[in-house]
Amino acid sequence: NTRTVAANLGCKKSPGESYSSNRVNVLIPEVIQSTKSVLILEYMDGIRLNDTASLDAFGVDKQNIVEEITRAYAHQIYVDGFFNGDPHPGNFLVSKEAPHRPILLDFGLTKKLSSSMKHALAKMFLASAEGDHVALLSAFSEMGLRLRLDMPEQVMEITSVFFRSSTPATEAQQNLKSLAEQREKNMKAIQEKLQLNQKEVKRFNPVDAFPGDIVIFGRVLNLLRGLSSTMNVRIVYMDIMKPFAEAVLGNINKTPAANAQWIYNTPVHSDVEAKLRRLLVELGNNDKILGIQVCAYKDGEVIIDTAAGVLGRYDPRPVQPDTLFSVFSATKGITAGMLHWLVDNGKLKLDENVANIWPEFRGNGKEHIKVHHILNHTSGLHNALADLRGEDAFLMTEWDACLKLIEASQPETEPGKQQLYHYLSFGWLCGGIVEHASGKKFQEILEEALIRPLKIEGELYVGIPPGVEARLANLTLDTDDLKKLSEMRNRAEMPSTFQLNNISEFAEYLPVFFNMLNVRRAIVPAANGHCSARALARYYAALADCGVVPPPHSSASNPPLGSHPHIPKFPSKKTDEKQKGKVDGGLKNERSDGRQNVYIRIEEDDDNDEEKCSKSSRDTSKGASHENKKGKIFSNPRVHEAFMGVGEYENMCLRDGVFGLGFRRLKSKDGDGSYSGFGHSGMGGSTGFCDVKNRFAMAVTLNKLSFGGVTAKIVELICSELNLPLPEGLSGSGDVNRPLIN
């Protein structure tokens, strides 16, 4: 063990051997000879850590010594996966010769970590450092740590305490008081969540399974913390250990060149899909893609369904067809479809005053705003809730509070006179209309109108439920694209608070904010959709055919689309004693592909009654083997005109505006100037759209946020191969002044 650790840390080298780049500045005595009973080590003259007088006499920098010991342990744990589990003060000396270095002794109690456990510990550390709840839950799942309740905020707090900075002995009492207060706060939250009495909450153990490796890992951290207290120094573990955790996860096989399974193993549906995969590999090797899905329909049938890359910068698990991506403003296209569904079902009129539907909306000059003004981005409320980007960002997660802010808002322009993108307010404006017009919750209408008829259960959400965390892709930012912002010009159709010259102010925190689990669970109908590309493409394929539900999704896609429960089921809080300690334990949400979801929710939601979608006959040129009677989510034969704001709906839209009624209108590049389709893109490049003239629909979802260059290249290739006209606004990746950001 001594020899192994010394070699790993680069303490000794053979003649002609260069030092490892990972070498830390510590000493380990060389093993001279050993038998079962006797170990003879090189003699090193040193000072004990508790000999304060000698340390001061030799001028030892105690802060530097403890930091170097901490670095050595970070290297052993995260890089090597082989560490000394007993770092008490007696197992260290400080060399008397300058430069004074720590001497590491006694490797009798060591622990070897598996590669998967090493990765999981690194992910847990980085998730705690970045406040990423989803990555933290994923790390727990990978290491076999299972909890009995769904309280991610408290779990993050507890984990952060695990890696908290050490305090000098002089501050120990105050530190203990602070920890006790935090523990009391967390236990109170558990008590309220589970409705336990004082006696029950004291006996309640939130942990169901605790792997042994974590026990030793926790012991090491506590002993290191005690070491710093003995030396009366403060150690910021997050800063010291982070580079080592990043090193082990930074070497995961993120590019196609390093990972033969970078493209997820699903059959190729067409020649164009084969060419697309070659393009994705090229973009991946150029570090433009982290994780991505692309799905496309032509004439009602799937021609592309590809997943590639990894779930996150520190998450080497593969992107699969059922992975859920945050698609930002592509959510607006889904929300708009819900309003059109209510119109189609006689619950709403496009020319109706919003205040007639939503009485609390009346006032502050909003009396004349109509439903079509909201959908067309001409209500004048484009800057409503703009303050949520700053200090009040977390208010975005509170549905009722945001609706009240909308009710109190005041338009800046006369309704119908100027089209300015309602980048945040659009969602709550539409959401309030949906709930007041239907008398139901937003989520209920989403399921009734789209999820169940399209059979995309478990793969399209606006606000995720507990139980799907294991399938979430983690957002990161393409920093090279961020640098291009300075080259871009402002755009007339964008509100003053959302111009390109100030997007950079908040672009860097977007991945961090939208990776947070409480944000992902919030209902933000303008920006918080989570879906797979195959679910989003199926939605647009239905819209392309006037609402006709396409035939069942490709059977080659595994797991099958719609096979997940939309609201995962959870057991009660009382764990079956017979199940405790078992791997399945009844405490995870089993899946057909062997993966498991991470968290346990105590409450159970009642199932909504299944509602059957209406049927109508429609002849198509394709799919003779399918029934002629197909489900439809819209019955209006002119629904395309409604989406694009043309024909009889033309007077409801601002002439020549980029938006129709809830969707971005798409013209064919080099075409006759007429609109050929519609869709919506999101910040970062995720997008969904359809070309109604050619019965074509596609979606792209990705987790490395850029300004649309990757998406544009994909759209250009597919349209070129299918001999389809390029839609303006979704192509032309070289034009930095027209980035695909909306």
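The exchange below goes through a predicted model, from its first helix to its sheet, its cores and its aromatic rings.

Reader: Which conventions apply to the residues and values?

Author: Residues are numbered from 1 along each chain as its sequence is written, and side-chain values use heavy atoms, with hydrogens and water left out. Because the model is predicted, local features need pLDDT of at least 70 and side-chain atom pairs count only at pLDDT 80 or more, whereas totals for chains, interfaces and linings use all residues.

Reader: Which residues of helix α1 are buried, and why do they line one face of the helix?

Author: Helices (H or I, at least four residues) and strands (E, at least two) are DSSP runs, numbered from the N terminus, and buried means under 20% relative accessible area, exposed over 50%, partly exposed in between, with a 1.4 Å probe and protein chains only. Seen down the axis of α1, the buried residues fall within an arc of 100 degrees (taken from the directions from the helix axis to the C-beta atoms), so they line one face. On the other side Arg 3 and Ala 7 are exposed, while the buried residues of α1, which spans 2–9, are Thr 2, Val 5, Ala 6 and Leu 9.

Reader: In what order do the seven strands of the open sheet run, and which stand at the edges?

Author: The pairing in this sheet is antiparallel, and its order is β12-β11-β10-β22-β21-β20-β19, where two strands pair if DSSP finds at least two bridges between them. The strands at the edges each have a single partner strand, so one side of each is left without a neighbour in the sheet; they are β12 (315–318) and β19 (664–667).

Reader: How many bridges join β21 to β22, and what stands opposite Cys 690?

Author: Strand β21 covers residues 687–691 and strand β22 residues 696–702, and the two run antiparallel, joined by five bridges. Within this pairing, the residue of β22 that stands opposite Cys 690 is Ala 697.

Reader: At what angles to β22 do helices α22 and α24 run?

Author: Axes are lines fitted to C-alpha atoms, for helices over the stretch in contact (heavy atoms within 4.5 Å), and angles run from 0 to 180 degrees between N-to-C directions. Helix α22 (533–544) lies across strands including β10, β20 and β22, at about 155 degrees to β22. Helix α24 (709–721) lies across β10, β11, β21 and β22, and its angle to β22 is about 150 degrees.

Reader: Which element gives the most to the largest nonpolar core?

Author: A nonpolar core is a set of buried Ala, Val, Leu, Ile, Met, Phe, Trp, Tyr and Cys residues joined through side-chain atoms within 4.5 Å. The largest has 98 residues, and among those with the most contacts inside it are Tyr 539, Tyr 540, Leu 543 and Phe 678. With ten residues, the element that gives the most to this core is α22.

Reader: What is the geometry of the aromatic pair formed by Phe 689 and Phe 696?

Author: Rings of Phe, Tyr and Trp (its six-membered ring) pair if their centres lie within 6.5 Å, and planes under 30 degrees apart count as stacked, over 60 as edge-to-face and the rest as tilted. Phe 689 is buried at 2% relative accessibility, and Phe 696 is buried at 1%. Their pair is edge-to-face, with 6.2 Å centre to centre and, between the planes, 65 degrees.
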